[in-house]
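Here is a quick tour for anyone who likes to think in contacts and accessibilities. Have a look at the sequence and the fold, then read on.

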Amino acid sequence: MKKRLLIALAMMLICLAAAAPALAADVFKYSAESIQVFADESVTPELIRDGAFAEGEVTYSLNKTIATVDENGTVTGVNPGELWLTAQLTQGEKAVRTAKIKVVVCRKVAKVVLDTKGLQIYEPDDENILPLLQRGETDEPLTDRILVLPAGKKFWPRATVLPEDVANAHKKVTFETSDPTILLLSRDGQFIASQPGECVLTVRSNQSPEVTEQFHVLVTQPVKKITISAEGKTVAAGKTLQLEAAVSPENATVQQVVWSSRNEKVATVDANGLVTGVGRGDVYIEAKATDGTNAAATFAVAVTQDVTEITVQETEVTVATKRSAPQLHVQVLPQNASNRKVIWTSSDESIATVNGYGTITGRKAGECIVTCSSVSNPEVSVTVPVHVIQMVTDIQFTNEKGLSFYIGESRQLEWQIIPDDATIKDVTFKSRNPKAAVVDANGIVTGVGKGQADIEVRATDGSNRYRVYRVTILKAVEGINPMAAQYYAQLGGTTNIKATVYPNDASNQGIDWASSDEYVASIRSVGTSYGRVYGNRQGYATITATTRDGGFSTTTNVIVDDFNGMVMCGSAFIDDYNKIKIVLWNMSRYYTVNTVYFRVDCYDTQGNPIPCTVDGATSFDGSYPLALEPGDRSVHGRFNFYNYRETGLYGYVVVTITGYVFDNGQKWWIPEDEQVPYRSTDSWHWGEPTLAPPAGNDGESNG
C-alpha cells in the first residue's frame with residue numbers, strides 16, 4: 001500500500017513539473033514594440049499567440065484619423081502621426097488579454113525640387129541653348145531642363161522634398177553627377193563646374209530613391225569681358241542711340257548678352273541694344289552675359305531736358321524755435337529734367353534757416369519767407385511763408401514720487417509747463433488704465449478699482465511733449481476670515497496654519513502673528529497668509545492673527561504633542577489563505593483620528609521583494625477609513641488596499657504608517673525619517689518556493 005502511494009505522489013510531481021513550462025508559454029503580444037507605415041500603404045504587424053491564448057477572437061482598434069485596421073490586423077496609413085494599435089483577445093464572452101504596438105505613419109516622398117535660384121536654367125526646347133549642345137541626329141529629344149554653368153562656377157545644391165508634411169528625418173536627398181570630370185561634387189557638398197562639357201545632375205530622395213529630378217548640365221567656356229561701343233554718348237528725349245556689345249574671348253560658348261537700363265525714367269534699351277531717351281538725365285546702360293558668369297559692362301548715356309516749373313506741397317510752415325519742420329515736399333517739373341537740383345534761401349536767417357534739402361529750422365519767434373529756385377534755370381522758383389513759435393519742451397510734476405490712495409478717493413495732479421514763455425500751455429489728460437483710475441479735464445484723478453494707472457499729460461501745441469504720472473489705487477481690508485478652531489503641532493517640529501483677509505483682492509494682505517505662550521508654541525510669518533508654528537513643549541497655546549490694514553484679528557488653539565508616533569501598527573501577519581492582516585492602534589489618550597494612511601512592502605517566501613500591484617510595484621498604499629478613538633484598535637476587513645493585486649505567496653510584509661487625519665479634518669503626514677516600519681510575522685510558507693496564486697485574486701481591499 002505504501003509503495004503504491006509513493007508511486008502516485010511521484011507521478012503527481014512529474015506532471016506538475018511538466019506543466020510548469022506550459023504555463024510559461026501562454027503568450028499574447030506583438031513581436032515588435034513599434035512599426036512604420038507610409039500613408040496610403042499597408043503593413044500587418046506580427047501578433048504572437050501561444051498556449052492558453054492561441055484560441056479566441058481577436059479585435060483591433062486604433063485612431064482612424066491617422067490609420068485604419070481591418071479584421072486581420074492589417075494597418076493602412078491615412079495621415080502622418082503616431083498612435084497605438086490595440087489587439088484584444090476574447091474567449092467566450094470575456095476579454096482576457098490585450099496587446100499594444102506603436103504605429104508611426106509617415107508621408108512618402110512624392111517629389112524632389114532643386115533650388116535653382118541664382119542658376120541659369122533653360123527649357124529643353126530653348127532654341128538659344130540647343131545649338132550649343134553636342135547632340136547627334138539619332139539622339140532622342142531632351143526632356144530634362146538644361147542647367148548652364150560657366151567653367152569654374154561653384155554652388156551649394158539645395159533641394160525641397162514634397163509634400164511639405166514629409167517628416168524631417170525623410171527630407172534628405174542625394175546629389176549625383178554622371179561625369180565628375182565635368183561637374184564635381186566636393187567633399188564639403190559643393191558643386192564645381194570643372195571644365196567645358198555635358199553631363200547629367202540627379203537629385204534623389206533618400207527615403208524613396210525612385211523619386212528623382214534630373215538636369216542636363218552644360219558647362220561652358222565663360223565670357224571674361226564685354227566691350228560696348230556707340231557713335232556717341234548723348235541722346236535727346238524721344239530719340240534713339242544704337243549700342244554694340246562684343247564679348248571676349250572670341251571662343252566663348254554663349255555670345256548673347258542681355259541689355260538693361262538702370263533708370264528707365266531717363267532711357268530705355270531693347271533686346272538689340274537700341275537706346276531710347278525718355279527724360280533728361282544721366283543713365284547707365286548695361287550689357288550682361290547670359291552664360292551665368294555675371295560678366296558685364298556699362299555705357300554712360302546723357303539725355304537732355306529743361307526744368308519748367310517747381311511746386312511745393314506745403315502752403316505755409318509753422319515751426320518751433322530750436323526745432324526743425326518736416327522736409328518740404330518739392331516737385332521739379334518735368335520729372336525727367338536733366339538737372340533737377342534746387343537752391344533754398346531764407347529772407348531772414350535770424351528767424352529761420354533752411355538747408356539744401358528743404359528742411360526749415362526755427363531760430364526765434366517771428367515771420368519770414370523761404371524760396372526754392374532751380375539751379376539750371378534760376379528764373380523758376382517758389383516761395384513758402386514761415387511762422388516760428390516757442391513750443392513746449394517739457395512737462396514737470398510737483399509730486400514726482402507718485403500718489404497712492406484708496407478706491408473712491410480723488411487727488412489733484414500738479415504740473416508745470418517748460419519753458420514759461422511757451423506759446424501754448426494747454427494740456428490734455430488720459431488714464432491708460434481707466435479700470436483703476438479716471439482723470440477729468442482739470443487733472444483730478446479718482447480711484448475706481450484696485451491697481452495702477454499711468455496718467456498721461458500731453459501738450460496740445462503739436463510739440464508731442466508728454467509725461468506719464470503713475471498713481472496706485474488701493475483696496476482696503478474689510479476683515480479677516482476665522483481660522484479653524486484647533487490645530488495640532490508636532491513637538492520639536494513645525495506646522496503651518498493659514499489665515500486670510502477679505503476681500504481676497506485687498507491691497508495689503510499682510511498678517512501679524514502672536515502666541516499666548518511662546519514656551520509652548522511660537523509662531524513666525526511665512527509668506528502672506530501663513531504662520532509657521534514651532535512646537536517647543538507639550539501643552540496648549542492660543543495663536544492670534546491680526547491684519548496689518550485695519551487691525552482685524554482671529555484666533556485658534558494649538559496643541560503641541562508627539563503626534564508622529566501616535567498611531568502604530570500593533571500587528572501584521574499572513575493568514576493561511578495568503579491574505580495580509582493588519583492591526584492599527586491609536587496610542588493616544590486624548591485624540592481621535594478618522595482615517596489612517598500606510599504603505600505595505602511585500603516580500604516572497606524567499607525574502608525577496610514581490611510585485612503586489614496591478615502595475616508590478618512591490619509596495620502599495622492603503623488606508624483605514626474608520627474613526628479610531630483614543631486607545632482603539634482597527635477592525636479586520638475594513639482596510640482599503642489601493643491598486644493591490646495578489647501575485648504570489650507572501651513570506652512577510654512590512655507596514656509603515658505614513659499619516660492620518662484628525663477628527664477636525666487636519667491632515668497629518670509623518671516625515672519619512674520619523675516613520676517606523678513594522679515587519680509582520682513570517683507566513684507558514686516561509687522558505688518554500690514562491691508560487692503564483694490562483695486566478696481572480698485581484699482586489700482593492702484586504703486586511
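Which residues are linked with Lys108 in a network of salt bridges? The answer is Glu41 and Glu210. Keep in mind that this is a predicted model.

## Salt bridges

Searching the whole structure turns up 17 salt bridges. As background, side chains of opposite charge can pair when their charged atoms come close.

Let's start with aspartate 454 and arginine 470, whose side chains form a salt bridge with an N to O distance of 2.8 Å. This pair ties together distant parts of the chain: aspartate 454 sits in strand 44 (residues 451–459) and arginine 470 in strand 45 (residues 466–474), 16 residues apart. What about exposure? Aspartate 454 has a relative accessible area of 18%, so it counts as buried, the cut-off being under 20%. Arginine 470, with 44%, is partly exposed.

Next come glutamate 456 and arginine 458, which also meet in a salt bridge, at 3.1 Å from N to O. Glutamate 456 is buried, with 10% relative accessibility, while arginine 458 is partly exposed at 23%. Then there is glutamate 409, paired with arginine 411 in a salt bridge where the closest N and O atoms are 3.4 Å apart. Here glutamate 409 is partly exposed at 31% relative accessibility, and arginine 411 is partly exposed too, with a relative accessible area of 33%.

## Nonpolar cores

In soluble globular proteins, nonpolar side chains tend to be buried together. Which residues have the most contacts inside the largest nonpolar core? They are Ile580 and Ile582, in a core of 33 residues. Several strands supply two or more residues to this core: strand 55 (567–574), strand 56 (580–586), strand 57 (593–604), strand 58 (619–624), strand 59 (639–641) and strand 60 (650–662). Strand 60 is the top contributor, giving six residues.

There is also a second core, separate from that one, with 23 residues. Val223, Val269, Val275 and Ala297 are among them.

## Strand 57 and its partners

Is strand 57 largely enclosed or largely open? Nine of its 12 residues are buried, so strand 57 is largely enclosed by the rest of the structure.

Strand 57 pairs with strand 60 in the antiparallel sense, over 11 bridges. To pick out one contact, aspartate 601 has valine 654 in strand 60 as its bridge partner. Strand 57 also runs antiparallel to strand 58, with six bridges joining the two. Over in strand 58, serine 623 is the residue opposite tyrosine 597. Both partners, strand 58 and strand 60, are among the strands that give two or more residues to the largest core.

## A proline in a loop

One last stop, away from the strands themselves. Where does proline 141 lie? Proline 141 is in the loop between strand 11 (120–122) and strand 12 (145–150). Its relative accessible area is 72%, so proline 141 is exposed, given that the cut-off for exposed is over 50%.

Proline 141 can also be placed relative to another proline, proline 124. The two are 17 residues apart in sequence, and their C-alpha atoms are 8.2 Å apart in space.

Note on methods: Residues numbered from 1 in each chain as written. Predicted model: local features only at pLDDT ≥ 70, side-chain atom pairs only at ≥ 80, totals over all residues. Heavy atoms only, no water. Helix = DSSP H or I, 4+ residues; strand = E, 2+ residues; numbered from the N terminus. Buried < 20%, exposed > 50% of the residue type's maximum accessible area, 1.4 Å probe, protein only. Core = buried A, V, L, I, M, F, W, Y, C linked by side-chain atoms within 4.5 Å. Salt bridge = Lys/Arg side-chain N within 4 Å of Asp/Glu carboxyl O. Pairing = 2+ DSSP bridges.
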